[in-house]
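Reader: Hello! I would love a close look at one part of this protein, the second helix and what its side chains pair with. Could you walk me through that part?

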Amino acid sequence: MNDAFLRGCDHKDSLWEDREECEEFESAYNSLSLPNGTVPDLNLKDWMDVADLLLPLCRGRGARDYVLPSVLGEPFAGRKLPGYVEGKNTPLLEDDPDCSLPDCPVVERNETGKPIGSSSMQKFPSDVW
């Protein structure tokens, strides 16, 4: 959500194809309340409603062409988003094996928050899900 918000609707590097959809998302995102220190203070329904407004963005050219920023470090930096499906009305007919939650990597970080090389990647245990 943050990158879609920070790039906004007016900039040449906006991720949105439709300005009206962008402005609807931007307005809803600006109305969200931040938690007062704990996640239970968060109104999750409001956040999910705003996340729903990202669907056109997630199925558009912005997502197709998006490259993850270098600040994410290995193994994510410089990669395209996995699981892209074009068209906001296109149904997902099968699971994308590249997006399986139990297979998402956990990246270890050092004391400064910098990712430690990809050789230190761990996998989430499948019994967590």
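Author: Happy to; here is a tour of helix H2 and its partners, followed by a short look at two places beyond the helix. Please keep in mind that this is a predicted model.

Let us start with the sulfur atoms. The whole structure contains 1 disulfide, and that bond runs from cysteine 9 to cysteine 22, with an S to S distance of 2.0 Å. Cysteine 22 belongs to helix H2 (19–31), while cysteine 9 sits in the loop between helix H1 (2–7) and H2, so the bond ties together parts that are 13 residues apart in sequence. The link is left-handed, with -95° about the S-S bond. Both cysteine 9 and cysteine 22 are buried. By contrast, cysteine 58 is partly exposed, at 42% relative accessibility.

Next come the rings. The model has 3 aromatic pairs. One of them brings phenylalanine 25 and tyrosine 29 together in a tilted arrangement, 5.5 Å centre to centre with 35° between the planes. Both residues lie in helix H2, 4 residues apart, which is about one turn of the helix. Phenylalanine 25 has a relative accessible area of 0%, so it is buried, and tyrosine 29, at 14%, also counts as buried. Tyrosine 29 has another ring partner: with tryptophan 47 it forms an edge-to-face pair, 6.4 Å centre to centre and 75° between the planes. This pair links distant parts of the chain, since tyrosine 29 is in helix H2 and tryptophan 47 is in helix H3, 18 residues apart. Tryptophan 47 is buried, as is tyrosine 29. Taken as a group, Trp16, Phe25, Tyr29 and Trp47 are linked by ring pairs into a cluster.

The helix also contributes to the nonpolar interior. The largest nonpolar core has 15 residues, and those with the most contacts inside it are Ala4, Trp16, Phe25, Val50, Leu54 and Leu57. H2 and helix H3 (44–52) are the elements that give two or more residues to this core. H2 provides the largest share, 4 residues. Leaving aside residues up to four places away in sequence, leucine 57 touches Ala4, Leu15, Trp16 and Ala63.

Now for the charged side chains. The structure holds 5 salt bridges. Within helix H2, glutamate 23 pairs with arginine 19, their closest N and O atoms being 2.9 Å apart. These two are 4 residues apart, about one turn of the helix. Glutamate 23 is partly exposed, with a relative accessible area of 36%, and arginine 19 is partly exposed at 43%. A network of salt bridges links Asp10 with Arg19 and Glu23.

Outside the helix, glutamate 17 forms a salt bridge with arginine 61, with 3.3 Å between the closest N and O atoms. Glutamate 17 is in the loop between H1 and H2 and arginine 61 is in helix H5, so this bridge ties together parts that are 44 residues apart in sequence.

Finally, which charged residue is buried yet has no salt bridge? That is arginine 59; the nearest side chain of opposite charge, glutamate 86, is 10 Å away. A salt bridge needs the nitrogen and oxygen within 4 Å. Arginine 59 is found in the loop between helix H4 (55–58) and helix H5 (61–65). Not counting residues up to four places away in sequence, arginine 59 touches Tyr84, Val85, Glu86, Gly87, Lys88, Thr90 and Leu92.

Conventions
Residues are numbered from 1 along each chain as its sequence is written. This is a predicted model: local features need pLDDT of at least 70, side-chain atom pairs count only at pLDDT 80 or more; totals for chains, interfaces and linings use all residues. Side-chain values use heavy atoms; hydrogens and water are left out. A disulfide is a pair of cysteine sulfur atoms within 2.5 Å. Buried means under 20% relative accessible area, exposed over 50%, partly exposed in between (1.4 Å probe, protein chains only). Lys and Arg count as positive and Asp and Glu as negative; His and the chain ends are not counted. Contact means heavy atoms within 4.5 Å. A nonpolar core is a set of buried Ala, Val, Leu, Ile, Met, Phe, Trp, Tyr and Cys residues joined through side-chain atoms within 4.5 Å. Rings of Phe, Tyr and Trp (its six-membered ring) pair if their centres lie within 6.5 Å; planes under 30 degrees apart count as stacked, over 60 as edge-to-face and the rest as tilted.
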